[in-house]
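This report describes one protein chain, shown below. Please keep the sequence and structure at hand while reading.

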Amino acid sequence: MSIIRFTNCQLALPDGSLRRDDLFIDATAGKLISGQQYFYNARKAVSRVIDLQGAILAPGFIDAQINGAYSKDFSVFEGEEEKYLEDLDEVSRRIVETGTTAYVPTVITQRPDMYPKILPLLKPRSINNGAHVLGYHAEGTPRRPLLPPFRNLTITHHTGPFLAPCKKGCHNEHYLIEAPEGIKSFDEAYSAEALDQPGVKVITAAPDVPGVLSAITPVTERGVTFSIGHSNASVELATAAVGHGATWVTHLFNAMPQMHHRNPGVIGVLGAKKEADRPFYGIIADAIHVHPSAVRLAYDCHPNGAVLVTDAMSLMNPRLPDGRHDWREGRYITKTGLSLFVDGTDTLAGSAISMDHCVRNLADFTSISLGKAIRCATWNVAQMLGGEVKERKGALLPGKDADLVVLSEEGNTRTEDLREAFGKYGNVTDAIVMSDRDTGRSRGFGFVTLSSEDETTKAIEGMNGYELQGRQLRTAVEVETTAAPRQDGSANNSPSSTSGGW
């Protein structure tokens, strides 16, 4: 048994507080353990002590709605499973720089033959030094175009589905469908196999679309998280959907009626008398999709239900310049800062924000502590997704997976700190803490690659806490973490392994 002790750190706890304490992990099992119990039973020193120099140690962030990142679009499938999984793995490797250690790829509406091909690829999946894929989030469903002008169009992927046409957002209205046969319509749209596969399964649909309300209970009984979204439902209908088993609202305030004092619509479900009757809700804290004042109102109304999501598109990349970028099917997105608009329109097309930025923004917009903001990207998300995710992730508690992120007191990942300090000298890359559930242990560094020895000297002059290793400037404190091994107890070094969970 190899035990690692993190010391001189502030632990982000499930109640939103930050507590100065030590954290112990079992590097063999990839789990958090009780230090007191370890010393009492083992009566020996730990294998290694890592001094975090006062930094915040938090559970890894979980993103339950992300459409893509780093030029990869989870809704695009070109017929090659291996290529799709390679792209997925690249996102998993790179996204840890934002503090995200687990995510749920979101797939928008496809051609009818696409869901059975894409969704089976989105089972729980882990790679070395990368974030964990937890399952899938299907935002909408497929339909073949019915209108004559569209019959002969060659279109590979489209949005659409069990969504209200008047709240389609950037979804193509010609691909919206109803669910006349309830759960059978869902089986036909997504495939029964996809609805029954292991891992996280989230479906966003509108309860005001005929047939959807009756499908909520049977689909949730199959382990699917049902989320209300792209809906024009009244508060009464939205409340009925919650009564049938809906537990989440997709990107609150967006693609739904704006709150009116006589008919608060979907947003009104957050005003239920009993907190138990209020669903979780996704919030995009980018100040573009939702004004900071609205973020504050929602959080104050139901803080325990706040789930930070990025709704990030393939253009999410901290180093991607602004401009006009390819999207899909000959369409373009214009990126300006964090905002993404369908080219030539005022229609928002997802976001370019990262989860660590969302956490910092939430703390700023609502004047809450950073610890409470972290809770909305960790504990709350795990509680909403339920199942194994709830049991294994989202908290620094004994028995949980050792998926961790190190943050500065301002909420920046260590990579962000390095980028700010040394960005003018070179390219800052990599993440601070990464975990791999199959191999049982991995290492993560924040470092900057410098372009010349002169610049190396300039960069480290007068700087404490860093050491030079070759031409890479690494943090002097190496951060090593582990993640859960395979359930059968064996190691699996293959980056394409999908068995055994996360």
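What follows goes from the whole chain to its strands, helices and selected residues.

## Overall composition

The model is predicted. The protein chain contains 14 helices and 27 strands. Of its 502 residues, 57% are buried. The accessible surface of the chain amounts to about 19,700 Å², and carbon and sulfur atoms contribute 49% of that area.

Contacts between residues 24 or more positions apart make up 70% of the contacts in the chain that have a separation of 6 or more.

## Strand E15 and its parallel partners

Strand E15 covers residues 280-283 and is covered on both faces. Phe 280 and Gly 282 lie on one side, Tyr 281 and Ile 283 lie on the other, and all four are buried. In a regular strand the side chains alternate between the two faces of the sheet.

E15 pairs with strand E14, residues 248-249, through 2 bridges, and the two run parallel. In this pairing Trp 248 stands opposite Phe 280. E15 also pairs with strand E16, residues 306-308, in the parallel sense over 3 bridges. Here Tyr 281 of E15 is placed opposite Ala 306 of E16. From E15 the chain passes through helix H8, residues 292-301, before it reaches E16. This β-α-β crossover is right-handed.

## The loop between E14 and E15

Most residues other than glycine have a negative phi, and most peptide bonds are trans. Which residues in the loop between E14 and E15 have a positive phi without being glycine? Phe 253 and Ala 255, both in that loop, have this feature.

The phi of Phe 253 is near 80°, and that of Ala 255 is about 60°. Phe 253 has a relative accessibility of 17% and therefore counts as buried, since the cut-off for buried is under 20%.

## Packing of H8 against H9

Helix H8, which provides the crossover between E15 and E16, also packs against helix H9, residues 355-366. The angle between them is about 85° and their axes are 9 Å apart. H8 and H9 are therefore roughly perpendicular to each other, as angles of 65 to 115 degrees are classed that way.

On the H8 side the contacts involve Pro 292, Val 295, Arg 296 and Tyr 299. These residues meet Leu 362, Phe 365 and Thr 366 of H9.

## An open antiparallel sheet

Elsewhere in the chain, 4 strands make up an open sheet with antiparallel pairing, in the order E17-E18-E19-E20. Its edge strands are E17 (323-326) and E20 (348-351), each of which pairs on one side only. From one strand to the next the twist averages 30°. Strands of a sheet pair through backbone hydrogen bonds, either parallel or antiparallel.

At the E20 edge, strand E19, residues 339-342, pairs with E20 in the antiparallel sense over 2 bridges. Phe 341 has Leu 348 in E20 as its bridge partner.

## Gln 197 and Pro 198

The loop between helix H5 (192-196) and strand E12 (200-205) holds Pro 198. Gln 197 lies in this loop too. Are these residues buried or exposed? Gln 197 is buried, because its relative accessible area is 6%, whereas Pro 198 counts as exposed because its relative accessibility is 51%. The cut-off for exposed is over 50%.

Not counting residues up to four places away in sequence, Gln 197 touches Leu 119, Pro 120, Leu 122, Lys 123 and Tyr 136. With the neighbours within four places left aside, Pro 198 is in contact with Lys 123 and Pro 124. Pro 198 and Lys 123 are 75 residues apart in sequence, yet their C-alpha atoms are 6.4 Å apart in space.

## His 137 in strand E11

His 137 belongs to strand E11, residues 135-139. With a relative accessible area of 0%, His 137 is buried.

Which residues does His 137 contact, leaving aside its neighbours within four places in sequence? They are Ala 64, Gln 65, Val 104, Pro 105, Thr 106, Val 107, Val 202, Thr 204, Trp 248 and Thr 250. One of them, Trp 248, is the residue that stands opposite Phe 280 in E15.

Conventions: Residues numbered from 1 in each chain as written. Heavy atoms only, no water. Buried < 20%, exposed > 50% of the residue type's maximum accessible area, 1.4 Å probe, protein only. Pairing = 2+ DSSP bridges. Right-handed = clockwise from strand over helix to strand, strands pointing away. Axes fitted to C-alpha atoms, helices over the stretch in contact; angles between N-to-C directions. Contact = heavy atoms within 4.5 Å. Areas by Shrake-Rupley, 256 points an atom, 1.4 Å probe, with all protein chains shown as cover. Parallel < 35°, antiparallel > 145°, perpendicular 65-115°, else oblique.
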